[in-house]
Amino acid sequence: MSPHMTRRAMLATSLTVAAGAVAFGFWQGLRSRAELEQPPAPPLLLSEDQAARARAVAQQHPTVQEVAGFVALPGSQAPVNPVTGPDGRIVAVGVWFPFDEPRTVRATWVHPADWEVNWPPTRFVQATYTVENAEGIFVWVDLASEQVVRIEASGPYARVAPEEDPFVLRGELRDRAIQLALDAPWLKGLLTEDEARVSEPPRAIYDRHGDVWGAAVSLQFAQPADVSGTFPFVDKPEYASWDEMRIIERTVSQKTSNLVVIVSLREGRALGLW
């Protein structure tokens, strides 16, 4: 599951705004040839010692120990990658323990909610739930403290039952998110009580500080609907925060059985399609 937060990969797209592209091209044209030919900055790399220490810490985590029999590689060979903090420095090591085959695993998982603005993280989403079709476990080890700050089962087809998913809105927030989506003025011509329904519980969207910012509401039509006209779409680059997203207008003409509406609980309105 981004993430995110599985997830936190979970809602990601990148669109280019024409005006920004024109401005960027203009300023690029003013730069000297020498500047444009400078080599790119070298990638951030982990030292062998950092990788080895992170693998050792991650292997000792109780959850990793519980599923050790499923892991396809020796712990010393687990793939690693650097994790950069808010200032761009390497602050942690991500360690991936791939399973021998997709598995169903139940454990207490930990997601840092504010890691993009605070390192070490100060706010966490911690919950016990079952993940189906997990292809491995992803662990973040903080380099300074050598503590695990993130652990989750993940995979492209990993699934958490809605009743256990900590990122699913419940109660009053759920009802409010659904109503905001159904009340979107630009969907009035498409949505009637008989034509569309909420296909799954709304998923919470968090800002950089770990606070609930909005929700993604999935709507399903009883049969493919003709979606034609100009609609607002939410534009959020992959690594940007949701409170940095933009709304762009797009003209579409197609049939679809599903729509995802992004709503802002802070602003109390539906923002656009996803």
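This is a short tutorial dialogue on reading strand pairing, a cavity and salt bridges in a predicted model.

Me: I would like to start with the strands. Which strands pair with β3, and in which sense do they run?

Reply: Happy to help. A useful general idea first: side chains in a regular strand alternate between the two faces of the sheet. Now the case here. Strand β3, residues 124–142, is joined to strand β2, residues 90–112, by 16 bridges, and the two run antiparallel. With strand β4, residues 148–154, β3 pairs in the antiparallel sense over six bridges. Strand β5, residues 159–160, is joined to β3 by two bridges, again antiparallel.

Me: Can you give me residues to click on? Which residue stands opposite Phe97, and which stands opposite Phe138?

Reply: Phe97 faces Ile137 in β3. Phe138 stands opposite Glu152 in β4. For the pairing with β5, look at Val131, which has Val160 opposite.

Me: Now the turn between β3 and β4. How many residues lie between the strands of that hairpin, and which one takes a positive phi?

Reply: Five residues lie between the two strands, and Glu146 is the one with a positive phi, near 55°. Keep Glu146 in mind, as we will meet this residue again in the cavity lining and in a salt bridge.

Me: Let us go to the cavity, then. What is the volume of the largest cavity, and which residues line it?

Reply: The volume of the largest cavity is about 30 Å³. Its lining is made of Gln50, Arg53, Ala54, Val57, Val141, Asp142, Leu143 and Glu146. Two elements, α3 (48–59) and β3, each give two or more residues to this lining. Helix α3 provides the largest share, four residues.

Me: What is the chemical character of that lining?

Reply: Sort the residues by side-chain type: four are nonpolar, one is polar and three are charged. Arg53 and Glu146 are both in the lining, and they also form a salt bridge with each other.

Me: How many salt bridges does the structure hold, and how close do Glu146 and Arg53 come?

Reply: There are 15 salt bridges in the structure. In the pair of Glu146 and Arg53, the closest N and O atoms are 2.6 Å apart. This pair links distant parts of the chain, with Glu146 in the loop between β3 and β4 and Arg53 in helix α3, 93 residues apart. The two also belong to a network of salt bridges that includes Asp49.

Me: Are those two partners buried or exposed?

Reply: Neither extreme applies. Relative accessible area is the number to read, and partly exposed lies between 20% and 50%. Glu146 has 33%, so it is partly exposed. Arg53, at 30%, is partly exposed as well.

Me: What does a salt bridge with a buried partner look like here?

Reply: Try Asp235 and Arg246, whose side chains meet in a salt bridge at 2.9 Å, N to O. Asp235 lies in strand β8 (residues 212–235) and Arg246 in strand β9 (residues 246–264), so the pair ties together parts that are eleven residues apart in sequence. Asp235 is buried, with a relative accessible area of 0%, while Arg246 counts as partly exposed at 40%.

Me: And which residue is the salt-bridge partner of Arg89?

Reply: The partner is Asp87, and the closest N and O atoms are 2.6 Å apart. Arg89 is exposed, its relative accessible area being 52%.

Definitions and conventions
Residues are numbered from 1 along each chain as its sequence is written. This is a predicted model: local features need pLDDT of at least 70, side-chain atom pairs count only at pLDDT 80 or more; totals for chains, interfaces and linings use all residues. Side-chain values use heavy atoms; hydrogens and water are left out. Two strands pair if DSSP finds at least two bridges between them. On a 1 Å grid over the protein atoms alone, a cavity is a set of points where a 1.4 Å probe fits but cannot get out, and a pocket is an open set with protein on both sides within 12 Å along at least five of seven lines; lining residues have an atom within 4 Å of a point. Grid points are joined across faces, edges and corners, and a volume is the space filled by probe spheres set on the points. Ala, Val, Leu, Ile, Met, Phe, Trp, Tyr, Cys and Pro count as nonpolar, Asp, Glu, Lys and Arg as charged, and the others, Gly among them, as polar. A salt bridge is a side-chain nitrogen of Lys or Arg within 4 Å of a carboxyl oxygen of Asp or Glu. Buried means under 20% relative accessible area, exposed over 50%, partly exposed in between (1.4 Å probe, protein chains only).
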